[in-house]
Amino acid sequence: MLAAVPGELFIAGRWLPAAAGARFPVLDPATGETLCEVADGGREDALDALTAAHEAQPAWQATAPRERGEILRRAYQLLVDRTDELALLMTLEMGKPLAEAAGEIAYAAEFFRWFAEEAVRIDGGYATAPDGASRFLVLRQPVGPCVLVTPWNFPMAMGTRKIGPAIAAGCTMVLKPAEQTPLCALALADILAEAGLPDGVLNVVTTSRPGEVVEPMLRDGRARKLSFTGSTQVGRLLLAQAAEKVLRTSMELGGNAPFLVFDDADLDAAVDGAMAAKMRNIGEACTAANRFLVQRGVADEFARRLAERMAALTMGRGTEPGVTVGPLIDADGRDKVTELVAEAVAGGARVLTGGAPVDGPGTFYPATVLTGVPAGARIGREEIFGPVAAISAFDTEDEAVAAANDTEYGLVSYVYTRDLARSLRVAERLEAGMIGLNKGVVSNPAAPFGGVKQSGLGREGGRVGIDEFLETKYVAIPTP
């Protein structure tokens, strides 16, 4: 499988080594061993890729919407047909269990299918001016060459979620994948080339030095849009760089999702939802439930049931049968989780299951449940990005909403209650771009994904997802 993935840069339809000849290793987080090496691009490679995108833009935006959609449809089918091999590739470089990796391939493919259908639905408008003396013609046109920066935690889906609408809208692009997971991006480029995407429309620059690759493109002047998924800290830096050329930006940044359980909730459903919201992707997701806020009357029972379920999970390499908890992405990720848990415990939190890293190769951390997490603990203020459920109790609805909103982030919130009036009240009051109401997974290609506050700008997916890649042009026509 690894031998089938090109390990070079993809620029103007050709597989090329880095200009400086550099390469960097891709590691298996389950063993710490090197899987392979890929080209380590730099500034020159980034600008070559941007040149290819810039030169391909005029012809690509003139391509018929139906043809753009058909390319996406063919790529969708190729992804579906190769689910098993692509899932294995993802598990090897990222660590998630095979079954979950296969689920991500299906999710990733749906973005191509959705935007294949949206390509032919780009519309405009025609209207009469209020004074009747002219007509308004409104056009929707591609924004132009885009810089796409994707994270390691969903290495295939985050690629298709950005590439799909860019292709549908008629934009060319340069993709810079995370250095931990370049193989999925390279496999995706290969699939799109096979599906008939013209040379230069998609260019991929893998690198271990992201700043050296991304910043020159943002400051160049030929790129017209930046779409980034990653941490809020890096997002702020990229926004500052993008401001120099006034680039259009889409930002899907960090999260600190609250998971509210009221005393009238269906506890079986709440625990099921908690497992989905917490353990999807080993907890390494911006949408992962980070703070479990449970009404005091059911807090102990909810914690007991959740701990039982978490303790029953099987940890190991994602390729092994029956494994449900793979390794964290790297040592830094595991160290952060370890530090957050240790600090919470030192402050008075109680460990119901898990609570410490395991010895041996790989970057494993067991599924963990903490109760009595003290107010102000870092584990309640920072993204955990690991398989740790930190539970605190609340008494009133107002207290729960205030605690949920007490964060700079606002990506997603989860609410479990059987009271319809409460569910509507709380959903309206929560400061988040998405709400999971009695549901532990909100992501869907057909729905708008994105947050408020410091969780980002813009939306991906849904009918509005393509708007991020389109400009609106108004033509005034006199009618004397």
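**View 1. Glu252 is buried in this predicted model.** The relative accessible area of Glu252 is 3%. Buried means under 20%, so Glu252 falls within that class. The residue sits in strand 11, which covers residues 248-252. UniProt lists Glu252 under "active site", and the entry is unreviewed.

**View 2. Glu252 and the residues it touches.** Leaving out residues up to four places away in sequence, Glu252 touches Met158, Arg161, Phe228, Thr229 and Gly230. Glu252 also touches Cys286, Leu411, Phe449, Ser455 and Glu460.

**View 3. A polar contact joins Glu252 and Arg161.** The two side chains meet in this contact at 3.1 Å. Arg161 is also among the residues that Glu252 touches.

**View 4. Strands 5, 6 and 20 form an open sheet.** Their order is 5-6-20. The pairing is antiparallel. Strand 5 spans residues 125-128, and strand 20 spans residues 470-478. Both stand at the edges. Each has a single partner strand, so one side of each is left without a neighbour in the sheet. On average, neighbouring strands of this sheet are turned by 20° against each other, direction ignored.

**View 5. Strand 6 pairs with strand 20.** Strand 6 runs over residues 134-142. Nine bridges link strand 6 to strand 20, in the antiparallel sense. Which residue of strand 20 is the bridge partner of Leu139? That partner is Lys473.

How values were computed
Residues numbered from 1 in each chain as written. Predicted model: local features only at pLDDT ≥ 70, side-chain atom pairs only at ≥ 80, totals over all residues. Heavy atoms only, no water. Pairing = 2+ DSSP bridges. Helix = DSSP H or I, 4+ residues; strand = E, 2+ residues; numbered from the N terminus. Axes fitted to C-alpha atoms, helices over the stretch in contact; angles between N-to-C directions. UniProt positions renumbered as here; feature names shortened; annotations may be inferred. Buried < 20%, exposed > 50% of the residue type's maximum accessible area, 1.4 Å probe, protein only. Contact = heavy atoms within 4.5 Å. Polar contact = N/O pair within 3.5 Å; in protein donor to acceptor, adjacent residues only side chain to side chain.
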